[in-house]
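This report describes the strand pairing, the helix packing and the main pocket of one protein chain. Please keep the sequence and the structure in view while reading.

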Amino acid sequence: EGDKIAIVTRFGGETAQPYVDAFEARGLKVRVVDGQDGPADFCFLMSAQKEIAGLWQSTYLTWAGYLGNATRVIAYAMATSSHKIETYNCTGPGLKGKFDFRTIH
């Protein structure tokens with residue numbers, strides 16, 4: 001069946017359309033989850049089974065990564081960001097290697 005992607009946004013589905021188009025062009029199944037409140041978004045991220053990805057500043061991403069079911073968390077930072085990317089030294093066996101911090105150029 002292939003990988004399925006859900007894009008969670010509070011900015012309306014139309015803002016996610018360029019991402020939907022790009023993922024679908026790669027043959028991936030994509031859906032947009034919008035119109036929920038913050039706790040519902042967090043619970044949705046917590047329920048991901050495979051992977052979650054997002055901006056490193058997102059506390060929802062970070063805590064869903066710590067507490068949720070995803071086996072991998074990818075946290076992105078823009079190369080032009082004036083903020084220093086935070087990385088976490090996860091030494092516990094359940095968290096070690098789970099977080100992947102990347103810079104987008």
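How do the residues of the lining of the largest pocket divide into nonpolar, polar and charged? The question is taken up again in the last section, after the elements that surround the pocket have been introduced; throughout, it should be kept in mind that this is a predicted model.

## The three-stranded sheet

Three strands make up an open sheet whose order is β3-β4-β5, and their pairing is parallel. At its edges lie β3, which spans 51–55, and β5, which spans 99–104, each of them pairing on one side only. From one strand to the next, the twist averages 20 degrees.

Between β3 and strand β4, formed by residues 72–78, the parallel pairing extends over five bridges, and within this pair I52 has V73 of β4 as its bridge partner. Helix α3, residues 59–67, packs on the sheet and touches β3, β4 and β5, while its direction makes about 155 degrees with that of β3.

## The β1-β2 pair and its crossover

Strand β1, covering residues 4–9, and strand β2, covering residues 29–34, run parallel and are joined by six bridges. For I5, the bridge partner in β2 is V30. The connection leads from β1 through helix α1, residues 13–25, to β2, and the β-α-β crossover described by this path is right-handed.

## The largest pocket

The volume of the largest pocket is about 1,800 Å³. Its lining consists of 42 residues, of which A6, I7, V8, A53 and G54 are the closest to the centre of the pocket.

Two or more lining residues are contributed by each of β1, α1, β2, α2 (38–46), β3, α3, β4 and β5, so that both the β1-α1-β2 crossover and the β3-β4-β5 sheet are represented in the lining. The largest share, six residues, comes from β1. As for the question raised at the outset, the lining residues comprise 23 that are nonpolar, eight that are polar and eleven that are charged.

Definitions and conventions: Residues are numbered from 1 along each chain as its sequence is written. This is a predicted model: local features need pLDDT of at least 70, side-chain atom pairs count only at pLDDT 80 or more; totals for chains, interfaces and linings use all residues. Side-chain values use heavy atoms; hydrogens and water are left out. Two strands pair if DSSP finds at least two bridges between them. Helices (H or I, at least four residues) and strands (E, at least two) are DSSP runs, numbered from the N terminus. Axes are lines fitted to C-alpha atoms, for helices over the stretch in contact, and angles run from 0 to 180 degrees between N-to-C directions. Contact means heavy atoms within 4.5 Å. A crossover is right-handed if, with the strands pointing away from the viewer, the path from the first strand over the helix to the second runs clockwise. On a 1 Å grid over the protein atoms alone, a cavity is a set of points where a 1.4 Å probe fits but cannot get out, and a pocket is an open set with protein on both sides within 12 Å along at least five of seven lines; lining residues have an atom within 4 Å of a point. Grid points are joined across faces, edges and corners, and a volume is the space filled by probe spheres set on the points. Ala, Val, Leu, Ile, Met, Phe, Trp, Tyr, Cys and Pro count as nonpolar, Asp, Glu, Lys and Arg as charged, and the others, Gly among them, as polar.
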